[in-house]
Amino acid sequence: MSPMDSVPVSVGMNGLTAILVSLACIVLSWWALQNLKLDLFIKHPKGPQGKLLQLLLAIVLGRFVSAFILEYLGYTQMLRYMF
């Protein structure tokens, strides 16, 4: 296998890793937000608008966490070029 053949495989694996990490972080954020008392901020937290707000908060929080994890993973992979 030539080095040029491994580039698409590497890009594909990075994409798959990013998708899985992002989805895992969104699920963990959703799980963590279940303990948030939204009734202090909105009138009907169990209604569809309350659940949508909770979902959007989970997506935003999960996106920030996954971006941090993926950047950290990228930085650790760059360390091998240091020595």
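Here is a short back-and-forth on how the labels in this predicted model are earned.

Me: What should I know about the ground rules before we start?
Reply: It's a predicted model, with pLDDT of at least 70 needed for local features and 80 or more for side-chain atom pairs, while totals for chains, interfaces and linings use all residues. Residues are numbered from 1 along each chain as its sequence is written, and side-chain values use heavy atoms, with hydrogens and water left out.

Me: Why is serine 29 called buried?
Reply: Buried means under 20% relative accessible area, exposed means over 50%, and partly exposed sits in between (1.4 Å probe, protein chains only). Serine 29 has 5%, so it counts as buried. This serine 29 is in helix 1, residues 3-33; helices here are DSSP runs of H or I with at least four residues, strands are runs of E with at least two, and both are numbered from the N terminus.

Me: What does serine 29 touch, leaving out residues up to four places away in sequence?
Reply: Serine 29 touches Ala58, Leu61 and Gly62, where contact means heavy atoms within 4.5 Å. Ala58 and Gly62 are among the buried residues of helix 2, as are Gly50, Gln54, Ser66 and Ala67.

Me: Why is serine 66 buried too?
Reply: Its relative accessibility is 0%, and the limit is under 20%, so serine 66 is buried. Serine 66 belongs to helix 2. Beyond its neighbours within four places in sequence, serine 66 is in contact with Val21, Ser22 and Cys25.

Me: What makes the link from the serine 66 side chain to arginine 63 a polar contact?
Reply: The serine 66 side chain reaches the backbone oxygen of arginine 63 at 3.1 Å. A polar contact is a pair of N or O atoms within 3.5 Å; within protein, one must be able to donate a hydrogen and the other to accept it, and residues adjacent in sequence count only if both atoms are side-chain atoms.

Me: Why is serine 22 called partly exposed?
Reply: Serine 22 comes out at 21%, and buried needs under 20%, so partly exposed is the label. Serine 22 lies in helix 1 and, with neighbours within four places set aside, is in contact with Ser66 and Leu70.

Me: And why do serine 10 and leucine 79 count as partly exposed?
Reply: Serine 10 has a relative accessible area of 38%, so it is partly exposed. For leucine 79 the value is 48%, so it is partly exposed as well. Serine 10 is found in helix 1, whereas leucine 79 is in the segment after helix 2.

Me: How do you know that the span of helix 2 agrees with what a helix should give?
Reply: The expected span is 1.5 Å times one less than the number of residues. For the 31 residues of helix 2 (residues 48-78) that gives 45 Å, and the end C-alpha atoms are 44 Å apart, so the two agree.

Me: Which residues does the record annotate as "transmembrane region"?
Reply: The unreviewed UniProt entry gives residues 12-32 and 52-73. In the model, residues 12-32 are 100% helix, with end C-alpha atoms 30 Å apart. Residues 52-73 are also 100% helix, and there the ends are 31 Å apart. UniProt positions follow the numbering used here, feature names are shortened, and annotations may be inferred rather than shown by experiment.
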